[in-house]
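Please open the model in your viewer, with the sequence panel beside it, and keep the selection tool at hand. The stops below are meant to be taken in order.

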Amino acid sequence: MKLQLEKRPQPSRRWIYLSPLLAVVITMLVGGALFAALGKNPVEAIATIFWEPLFGEFAFYYRPQLLVKGAPLILIAIGLSLGFRAGIWNIGAEGQYIIGALSGAGVALAFYPLDAWFVFPLMALAGALGGWAWGMIPAVLKLRFGTNEILVSLMLVYVAEQLLAAMALGPMKNPDGMGFPGSRNLQDYPAAHNADLITGSGLHWGVVAALVAVIAAYILLGRHMLGYQIRLSGEAPRAARFAGVKPGLLTLFCLGTSGALAGLAGMFEVSGPAGQVSIDFNVGYGFTAIIVAFLGRLHPVGIALAGLLMALTYIGGEIAQGNLGLPAAAIQMFQGMLLFFLLAVDVLTNYRLRLLRRPEAA
Amino acid sequence: MDLSSINPILLLASIMAASTPILLAAIGELIVERSGVLNLGVEGMMITGAICGFAIAVGTGSPAIGFIGGAVGGALLSLLFALLTQVALANHVASGLALTLFGLGLSSLLGQGYVGVKPPPTPKLDIPVLGDIPLLGPILFSHDLMVYVALALVAGVWAMLKYSRAGLILRAVGENHDAAHALGYKVVRVRIAAIAFGGACAGLGGAYLSLVRVPQWTEGMTAGIGWIALALVVFASWKAGRVLLGAWLFGGVSVLQLNLQAAGVAIPVEYLSMSPYVITILVLVIMSADKSRAPASLGRIFHASQ
Amino acid sequence: MTDALLTISGLTKAYPGVKANDEVSFDIAPGEVHALLGENGAGKSTLVKMIYGLVKPDSGQMTLRGKPYTPYEPRAARAAGVAMVFQHFSLFDALSVSENIALGMETPPPMRDLARRIREVSETYGLPLDPHRAVGNLSAGERQRVEIVRCLLQEPRLLIMDEPTSVLTPQEVDILFTTLRKLTAEGVAILYISHKLEEIRALCDRATILRHGRNVGTCVPAETSARDMAQIMVGASFAAPAKARHDAHGQVILDVSGLSVASPSPFGTALKTIHLTVARGEILGIGGVAGNGQDELLAALSGELRTAPGAIRFKGQAIGQLSPTQRRRLGLLAAPEERLGHAAAPNLSLTENALLTGAQRRGLLTRGFIRWPETRAFAQKIIDRFDVRTPGPDTAARALSGGNLQKFVIGREVLQDPEVLIVNQPTWGVDAAAAAAIRQALLDLAAGGAAILCISQDLDELMEISDRFGALNEGRLSDIRPTADLSLDQIGLMMGGAHGMEVAHV
């Protein structure tokens with residue numbers, strides 16, 4: 001007997017929904033085994049990660065964090081998903097996120113200490129533009145020279161990280177900071193502070209932006225010709241050209257939009273939860289968002305759910321770090337595993353497993 | 001600023017060493033891509049190789065066993081990628097990214113107890129006579145064994161692709177997997193072998209970083225070298241000889257910028273540190289005009305239906 | 001027959017939902033040319049793949065020279081003296097002729113000896129080849145020679161040929177037949193797969209006919225009329241298109257003059273100063289061997305490839321620089337050859353595929369937003385009017401059979417009332433009934449006043465439906481002549497003879 005994969009005539013609707021769930025379950029099982037290997041109680045560890053932040057003793061504190069951590073992930077992943085659907089691989093969101101934060105913070109620091117209503121909108125604009133511009137570099141190079149956007153967008157992450165360090169230690173350093181690296185804290189600058197809209201809810205402007213992005217992407221992909229062209233290009237590039245899609249414009253749109261959204265996310269982060277430009281400002285949201293985009297099946301609603309789930313693992317991971325001494329790296333690996341299992345389980349959407357018996361003599 | 005503190009002979013000698021990790025990773029990826037597989041997980045395999053090699057070398061006290069361990073670690077991780085792309089027929093790009101993310105997490109988990117530990121030193125070969133030649137001696141003949149292993153690998157890969165039957169089959173699989181299958185070649189097996197070889201090479205490169213170049217373990221220490229190795233394969237137009245050239249170029253840039261930093265050039269350190277990445281982009285721009293050499297089945301999913 | 005080379009008895013192979021081969025039995029004698037005849041989907045390929053070890057039968061036996069023969073892989077088949085010339089998919093464009101041939105051999109000699117042997121064999125059998133050229137730069141006929149020489153070098157006892165003439169000009173077919181007769185004289189058996197009846201009558205000693213996976217008859221082609229064989233092959237008679245000949249002197253609506261454009265793909269063919277006109281109510285047929293610029297011509301006319309503005313004129317308006325969308329809006333529509341991936345997106349539903357080209361002319365958009373109900377209705381209309389067999393418009397395109405998807409693709413364009421319709425290989429790989437329906441639709445469209453340019457490699461089809469005929473050869477278009485006056489020889493010459501390659505002295 002032998003297992004064989006057999007192509008389905010059309011993608012299974014059931015497995016489109018089931019495979020992310022199955023991937024989460026497998027990840028929990030294997031993750032649990034991993035925690036056990038590290039000498040932790042697996043059930044307790046999994047419960048700490050997935051239960052504690054939502055329903056534990058300190059849930060009132062953690063629940064808002066879900067929005068705070070989920071918003072940038074969702075915002076970035078929505079942008080990435082557009083490109084991924086079209087077969088345009090922007091994996092440099094981390095860099096666009098940093099540049100967005102630097103641009104937004106740059107505007108704020110330039111106006112400091114002016115107290116005017118337009119400072120924050122201007123920062124948002126600058127953040128989006130900064131991320132957009134950083135995303136346009138691979139797009140334009142791809143169009144003009146045929147350069148691979150995967151490698152260029154990724155190289156630009158390292159460039160952005162160095163730029164961040166240069167800014168935190170140089171031009172943006174807090175003049176009143178007594179020599180410490182890092183900029184002024186924007187939380188202390190009301191006109192630039194991305195504060196909670198309802199105190200203690202975690203609901204800041206970034207969450208609003210993420211929600212708007214989810215809805216806009218939903219409408220774009222489901223109802224608009226541009227969204228159709230994006231899907232068509234990813235499914236069948238030749239058919240897309242035949243239909244009249246201009247691949248160049250699509251590349252510019254997808255990389256530009258995902259850059260702008262990542263830039264916005266960075267800007268909301270630096271002016272809100274993070275507060276200041278510092279060397280270690282970025283924590284890898286740009287990369288985790290790749291997992292979020294896939295886990296959400298590149299679908300806006302799926303991404304919103306996946307973003308919240310991933311935020312949960314971040315928060316739960318921190319709790320587990322504090323309570324159980326689980327290493328931070330274990331959570332990182334846990335997230336990587338999730339993407340791994342998802343990709344593996346995904347085969348069932350388009351193929352069916354068949355058990356072959358040896359041909360019996362007729 | 002004191003540029004005279006840069007010794008050109010030492011500079012050239014250190015280029016040989018600095019280019020070794022990237023050379024190893026790139027020559028492995030070259031084989032993988034020639035078989036028609038795009039593995040973007042080089043960074044993840046490299047850093048896994050770095051920690052595996054480091055931990056095993058520290059544990060056994062033998063850098064040689066460490067290098068073997070690094071190669072095995074990289075190869076094992078790459079088999080996960082092989083499982084995803086060759087068995088579960090997952091998208092190569094997404095699977096490669098997953099491998100990198102997973103490898104980064106795995107390595108920092110494995111490396112927890114090794115921060116600040118010093119690895120056993122890897123001896124330099126003292127090649128008699130040759131090593132004493134003025135100028136050439138220190139530049140070419142005063143390195144550790146791995147430098148020469150890397151060079152030998154490049155030569156071996158070049159010869160295999162050009163002259164051997166195995167090389168011909170590998171190229172055939174990468175050019176047109178349907179035709180290769182129709183002729184009866186085991187496309188999936190060839191590709192899994194290529195992926196494992198690529199993983200072992202990347203792991204070896206990573207181990208060279210943590211055991212010789214740095215030498216210590218820090219999280220995320222590969223810092224994009226795996227990605228540069230991927231760019232290098234494009235730069236080399238999928239040819240072994242040009243991988244060597246490219247690796248020396250990048251080794252040169254990174255050594256030069258370190259030397260400039262040390263010499264106290266009046267450019268902030270961060271801008272110098274950017275230079276290898278910026279140069280990678282520039283090189284990609286220049287080299288991307290000629291796409292014709294890319295294996296025709298690169299990144300395409302193979303399923304032997306009926 | 002006791003002295004049979006290969007005996008096949010009761011071979012059965014089932015795939016989910018379909019029995020590809022059902023109890024197929026026949027035998028092949030040494031030195032015989034045995035035809036395997038059947039429509040697309042009749043199970044010829046599956047049967048041949050079992051003989052060549054690519055597919056394992058579910059049940060049944062094969063005997064080769066009196067011994068049980070169960071090749072578990074092509075290598076074993078080759079070792080037993082069975083070789084195969086594929087229709088597609090078995091050459092490597094970027095590799096040289098000798099590398100390609102080495103890949104098909106078990107123990108190839110060193111490259112230098114191999115090159116020498118390639119020259120020897122190719123001279124002996126009248127198939128000249130340069131061992132050092134890259135295969136991607138060869139013509140279709142030369143590529144086939146590579147495959148044949150690859151087989152011959154292994155001195156096979158049985159040579160399987162899968163639709164070998166589909167890529168050849170009539171003159172090249174003659175050369176091939178000469179080669180094959182020379183082989184049979186040496187005692188090699190040939191299993192010859194085709195659906196072209198005349199050529200089977202000219203070449204084959206016996207024929208086995210398959211329908212729906214079953215052996216439905218064996219005959220001696222020389223003694224059986226093509227009509228009778230067709231009857232057995234198809235199983236039922238179908239209406240041949242009723243051709244409403246009209247005077248092809250309508251107003252010229254599409255005018256191509258001096259069209260030259262480079263191919264977008266590395267091994268493609270550039271178009272060189274092409275001139276043609278198509279008038280209302282006319283079908284212009286463009287023949288030619290595959291790979292002589294057909295894809296490029298379609299791309300240039302559909303708008304996927306931009307050209308100099310004046311090279312293509314639609315009702316006098318220069319449109320060479322217009323996008324496919326703009327051309328559609330004017331009334332110039334196209335249906336490319338490759339159904340899955342070019343004319344339609346495999347994983348998208350039929351509704352979404354209806355939108356692919358129908359968005360503009362069917363008014364399926366309001367300010368960029370898609371009107372899904374109308375789009376779905378359009379898809380349903382195509383399905384109804386063109387008898388597309390499918391559960392409904394929500395089915396993925398890849399779930400349809402070739403013939404049904406092709407009917408959908410052609411129907412999608414026809415139902416948009418084109419003024420000019422360009423089609424490439426409209427009935428390639430389509431069953432006879434669907435092919436007849438498609439041809440009829442094209443004829444009806446022309447009768448209604450549209451101008452049609454039909455690119456095809458099926459000469460019979462072009463003779464049947466087109467008013468005038470031209471042929472593409474290495475990106476150049478021959479003179480265009482009325483179909484009615486053409487002989488097969490003339491067509492062959494228009495197609496470029498034997499591609500300028502001399503017939504070797506056999």
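The tour goes from chain B and its contacts to the sheets of chain C.

**Before selecting anything**

This is a predicted model, in which local features need pLDDT of at least 70 and side-chain atom pairs count only at pLDDT 80 or more, while totals for chains, interfaces and linings use all residues. Residues are numbered from 1 along each chain as its sequence is written, and chains are lettered from A and ligands numbered from 1 in the order in which they are written.

**Chain B, coloured by confidence**

Select chain B and colour it by pLDDT, the predictor's confidence in each residue on a scale from 0 to 100. The mean for chain B is 87, and 95% of its residues reach 70 or more. Among the elements of chain B (helices are DSSP runs of H or I with at least four residues, strands are runs of E with at least two, both numbered from the N terminus), helix α10 (residues 187–213) has the highest mean pLDDT, 95, and helix α6 (residues 136–140) the lowest, 71. Where pLDDT is low, the predicted coordinates should not be read in detail.

**B:Met16**

Select B:Met16, which lies in helix α1 (residues 8–18) of chain B. Is this residue buried or exposed? B:Met16 counts as buried because it has 23 C-beta neighbours inside 10 Å; the cut-offs are 20 or more other C-beta atoms within 10 Å for buried, 12 or fewer for exposed, and partly exposed in between, with C-beta atoms placed from the backbone. Leaving aside neighbours within four places in sequence, B:Met16 is in contact (C-beta atoms, placed from the backbone, within 7 Å) with B:Ile139, B:His143 and B:Val147. If you draw a C-alpha to C-alpha distance from B:Met16 to B:Val285, the two are 25 Å apart in space and 269 residues apart in sequence.

**Where chain B meets chain A**

Show chains A and B together: 40 residues from chain B and 40 residues from chain A make up the contact. On the chain B side, α4 (63–87), α5 (92–110), α11 (225–235) and α13 (269–287) each supply at least two residues, and the largest share, 12 residues, comes from α5(B). By class, this side has 28 nonpolar, 10 polar and two charged residues, where Ala, Val, Leu, Ile, Met, Phe, Trp, Tyr, Cys and Pro count as nonpolar, Asp, Glu, Lys and Arg as charged, and the others, Gly among them, as polar.

**Where chain B meets chain C**

Now swap chain A for chain C, and you find 13 residues of chain B in contact with 19 residues of chain C. Helices α8 (165–175) and α9 (177–182) of chain B each supply at least two residues of the chain B side, with the largest share, four residues, coming from α8(B). That side has six nonpolar, four polar and three charged residues.

Stay on α8(B), whose buried residues include B:Leu168, B:Arg171 and B:Glu175. What covers the buried residues of α8(B) includes α2 (20–34), α7 (145–163), α9 and α10 of chain B together with α3 (97–103) of chain C.

**Chain C and its six-stranded sheet**

Show chain C by itself; this chain has 16 helices and 23 strands, and buried residues make up 50% of its 506 residues.

Next select the open sheet of six strands, in the order β6-β7-β8-β3-β9-β10 with mixed pairing; two strands pair if DSSP finds at least two bridges between them. The edge strands, each pairing on one side only, are β6 (82–85) and β10 (214–219) of chain C. Within the sheet, β3 (residues 33–37) and β9 (residues 206–211) of chain C run parallel and are joined by four bridges, and C:Ala207 in β9(C) is the bridge partner of C:Ala35.

**The four-stranded sheet**

Finally, select the open sheet of four strands in chain C, which has the order β12-β11-β14-β15 and antiparallel pairing. Its edge strands are β12 (271–279) and β15 (317–318) of chain C. Three bridges join β11 (residues 252–261) to β14 (residues 312–314) of chain C, and the bridge partner of C:Asp255 in β14(C) is C:Arg313.

How values were computed:
Contact = placed C-beta atoms within 7 Å.
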